[in-house]
Amino acid sequence: MSANVTVKLQPGTPAPDFTLPDAEGRPVSLADYRGKNVIVYFYPKAATPGCTTEACDFRDNLASLQGSGYEVLGISPDGPDALTHFTGDFALTFPLLSDEDHGVALAYGAWGEKLVNGEITEGLVRSTVVLDTEGKVKTAQYQVKAQGHVAALRQELGI
């Protein structure tokens, strides 16, 4: 196990900036979204059951989220090729970003110890961080459940 202590983001603090490649390998920067509210969600692995449920929920609610002023970015340790297949297979209409060295996940507190099939392992912790128009944290949720997460988030955000 890593000796790193994962620091969780707190409301009101500036979110760490990042630039990551999308499914086509194009760089996407958080700075590109200044002036917009952004939902940054971290998921462990493309095309797995929980991650597919969560991604499809964001896809199905995207128009409503965008209509309320929120953009969505999904981040995982998958490479761009896996993201291309995931995007195409499930008609995902928001950017999925590749964080292969999990540096951004670590900076956001979304990498650390988790329980998988009764074993403690180190990896990506399903997390969602909502940023305001200035790039500050509105809310940070860690160890979220894929099923029902988007509905609960919409309720919390008043959408």
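**Reading aromatic pairs, a helix and a strand**

Guide: Leaving aside neighbours within four places in sequence, aspartate 57 is in contact with Ala146, Gly148 and Val150. Keep in mind that this is a predicted model.

Visitor: Where is aspartate 57 found?

Guide: Aspartate 57 belongs to helix 1. Its C-alpha is 8.6 Å from that of glutamine 147, although the two are 90 residues apart in sequence.

Visitor: Why is aspartate 57 called partly exposed?

Guide: Because its relative accessible area is 22%, and buried means under 20%.

Visitor: Now the helix itself. How many residues does helix 1 have, and how far does it reach?

Guide: Helix 1 has 19 residues. From first C-alpha to last it reaches 28 Å, close to the 27 Å expected at 1.5 Å a residue.

Visitor: Where does helix 1 bend?

Guide: At asparagine 61, by about 55 degrees. Asparagine 61 is also one of the buried residues of helix 1; the others are Cys51, Thr52, Glu54, Ala55, Cys56, Phe58, Leu62 and Leu65.

Visitor: What do the buried residues of helix 1 pack against?

Guide: Three strands and two helices: strand 3, strand 4 (70-76), strand 8 (127-131), helix 2 and helix 4 (149-157).

Visitor: Which residue follows helix 1, with what phi?

Guide: Glycine 69 follows helix 1, and its phi is positive, near 90 degrees.

Visitor: Let us turn to rings. How is a pair of aromatic rings described?

Guide: By two values: the distance of the centres and the angle of the planes. Here the count comes to eight aromatic pairs. Tyrosine 43 and phenylalanine 86 make a tilted one, with 5.9 Å centre to centre and 45 degrees between the planes.

Visitor: Which parts of the chain does that pair link?

Guide: Distant ones, 43 residues apart. Tyrosine 43 lies in the loop between strand 3 (37-42) and helix 1 (49-67), while phenylalanine 86 lies in helix 2 (residues 80-89). Tyrosine 43 counts as buried because its relative accessible area is 0%. Phenylalanine 86 is buried too, with a value of 2%.

Visitor: What kind of pair do phenylalanine 58 and phenylalanine 94 form?

Guide: An edge-to-face pair: 6.4 Å centre to centre, 70 degrees between the planes. Phenylalanine 58 is in helix 1, and phenylalanine 94 is in the loop between helix 2 and strand 5 (96-98), 36 residues apart. Both residues are buried.

Visitor: Which residues do ring pairs link into a cluster?

Guide: Tyr41, Tyr43, Phe58, Phe86, Phe90 and Phe94. Another ring has a charge over it: the charged end of lysine 8 sits over tyrosine 142, 4.6 Å from the ring centre.

Visitor: Last, the strands. How do side chains lie in a regular strand?

Guide: They alternate between the two faces of the sheet. In strand 8, both faces are covered. Ser127, Val129 and Leu131 are buried on one side, Thr128 and Val130 on the other. That is five of five residues.

Visitor: Which residues stand opposite valine 129?

Guide: Valine 40 stands opposite valine 129. In strand 9, the bridge partner is alanine 140. Strand 3 and strand 8 run antiparallel and are joined by five bridges. Strand 8 also pairs with strand 9 (residues 137-142), again antiparallel, over five bridges.

Visitor: How many residues lie between the strands in the hairpin of strand 8 and strand 9?

Guide: Five, and in this hairpin glycine 135 takes a positive phi near 85 degrees.

How values were computed
Residues numbered from 1 in each chain as written. Predicted model: local features only at pLDDT ≥ 70, side-chain atom pairs only at ≥ 80, totals over all residues. Heavy atoms only, no water. Phe/Tyr/Trp six-rings, centres within 6.5 Å; stacked < 30°, edge-to-face > 60°. Helix = DSSP H or I, 4+ residues; strand = E, 2+ residues; numbered from the N terminus. Buried < 20%, exposed > 50% of the residue type's maximum accessible area, 1.4 Å probe, protein only. Lys NZ or Arg CZ within 6 Å of the ring centre and 35° of its normal. Expected span 1.5 Å × (residues − 1). Bend = angle between axes of the 7 residues up to and from the residue. Contact = heavy atoms within 4.5 Å. Pairing = 2+ DSSP bridges.
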